[in-house]
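Work through the exercises below with the sequence and the model in view, and try each task before reading its solution.

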Amino acid sequence: MDTTQSRAYRSPRRQAQAEATRAAIVRAAGRLFAERGYAGTTMQAIAEEAGVAVESVYKAGSKAQLLRRAHEEAVVGDDRPIALYDRDEVRAALAVDDQRELIQAFARTVADRAQTLTPISRAFMQAAGADPAINETWEELEEQRLTDMRRLVESVAALGPLRDGLSVEHGGTLLWTVLNHQAGWLVAHHLRWDDKQVADWMAELVTCLLLPTA
């Protein structure tokens with residue numbers, strides 16, 4: 001029997017199984033970070049939640065790495081390595097030719113993420129306050145969020161005027177400061193709004209901040 005050929009034949013399946021295990025671990029970590037916070041989540045607890053050996057969890061990454069991966073998945077909605085603004089649903093939302101329709105479409109597209117993203121973000125911020133390395137990662141993610149907000153404003157500005165005196169850069173900064181994770185926590189978890197209510201709130205807020213009075 002050609003063992004080299006046999007190993008080559010089995011390799012794709014083993015790789016797929018390993019990827020599925022890592023994905024399950026990240027999802028389990030995300031659930032626990034959201035429920036218990038960063039400090040209250042142990043690697044053993046993640047292993048039990050994922051139904052794997054704790055050694056598999058350590059192979060998947062450190063606790064801090066699992067936190068970042070869980071946060072990234074919550075931002076984009078799944079574990080595919082595609083940035084938020086490069087995803088088909090976001091591209092479709094940004095492809096409309098009316099400012100208000102674009103804002104509403106974007107809000108509908110991202111509102112459902114508030115339910116899963118905000119508790120993980122709270123865990124991330126708590127961990128950042130105690131760990132300089134995690135804080136550095138959090139700062140990187142916030143810089144990316146600021147860039148994303150400016151890209152949204154650029155898309156809106158390409159379809160018509162912003163409100164008097166508002167630049168794209170300042171508009172992006174405004175959205176970055178108000179459409180933050182604390183606000184998401186308040187509307188999605190404290191007020192317990194559903195996805196439509198969150199989307200309506202987001203669209204109203206963005207419209208008021210960016211567009212001239214109708």
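The exercises that follow concern a predicted model and deal in turn with its cores, a buried residue, its cavity and its pockets.

**Exercise 1.** Find which helices supply at least two residues each to the largest nonpolar core, and which of them gives the largest share.

*Solution.* Begin with the core itself, which has 33 residues, and in which L152, V156, L175, M202 and L210 have the most contacts. Next, look at the helices: α6 (99-111), α8 (132-157), α9 (168-178), α10 (181-190) and α11 (195-210) each supply at least two residues of this core. The largest share, eight residues, comes from α11. As a further step, take L210, which, when residues up to four places away in sequence are not counted, touches V153, V156, L162, R163, L166, G171 and L175. Apart from this core lies another, of 26 residues, which includes L32, F33, A47 and A128.

**Exercise 2.** Decide whether Q99 is buried or exposed, and find which backbone oxygen its side chain reaches.

*Solution.* First locate Q99, which has its place in helix α6. Its relative accessible area is 11%, and because buried means under 20%, Q99 counts as buried. Then follow the side chain of Q99, which reaches the backbone oxygen of G160 at 3.0 Å. Finally, leaving aside neighbours within four places in sequence, Q99 is in contact with V156, L159, G160, P161 and L211.

**Exercise 3.** Describe the lining of the largest cavity by its residues and their kinds.

*Solution.* The structure holds one cavity of 30 Å³ or more, and the volume of the largest cavity is about 30 Å³. Its lining is formed by I103, F106, A107, L152, L179, M202 and V206, which divide into seven nonpolar, no polar and no charged residues. Helices α6 and α11 each supply at least two residues of this lining, and α6 gives the most, with three.

**Exercise 4.** For the largest pocket and the second largest pocket, work out which helix gives the most residues to each lining.

*Solution.* Start with the largest pocket, which holds about 1100 Å³ of space and is lined by 41 residues, with H71, E72, V75, V76 and L84 lying nearest its centre. Helix α8 gives the most to this lining, with eight residues, and the lining as a whole divides into 20 nonpolar, six polar and 15 charged residues. Turn then to the second largest pocket, with a volume of about 330 Å³, where R27, E73, A74, T116 and I120 are the closest to the centre among the 16 lining residues. Here α1 gives the most, with six residues, and the lining divides into six nonpolar, three polar and seven charged residues.

Key:
Residues are numbered from 1 along each chain as its sequence is written. This is a predicted model: local features need pLDDT of at least 70, side-chain atom pairs count only at pLDDT 80 or more; totals for chains, interfaces and linings use all residues. Side-chain values use heavy atoms; hydrogens and water are left out. A nonpolar core is a set of buried Ala, Val, Leu, Ile, Met, Phe, Trp, Tyr and Cys residues joined through side-chain atoms within 4.5 Å. Buried means under 20% relative accessible area, exposed over 50%, partly exposed in between (1.4 Å probe, protein chains only). Helices (H or I, at least four residues) and strands (E, at least two) are DSSP runs, numbered from the N terminus. Contact means heavy atoms within 4.5 Å. On a 1 Å grid over the protein atoms alone, a cavity is a set of points where a 1.4 Å probe fits but cannot get out, and a pocket is an open set with protein on both sides within 12 Å along at least five of seven lines; lining residues have an atom within 4 Å of a point. Grid points are joined across faces, edges and corners, and a volume is the space filled by probe spheres set on the points. Ala, Val, Leu, Ile, Met, Phe, Trp, Tyr, Cys and Pro count as nonpolar, Asp, Glu, Lys and Arg as charged, and the others, Gly among them, as polar. A polar contact is a pair of N or O atoms within 3.5 Å; within protein, one must be able to donate a hydrogen and the other to accept it, and residues adjacent in sequence count only if both atoms are side-chain atoms.
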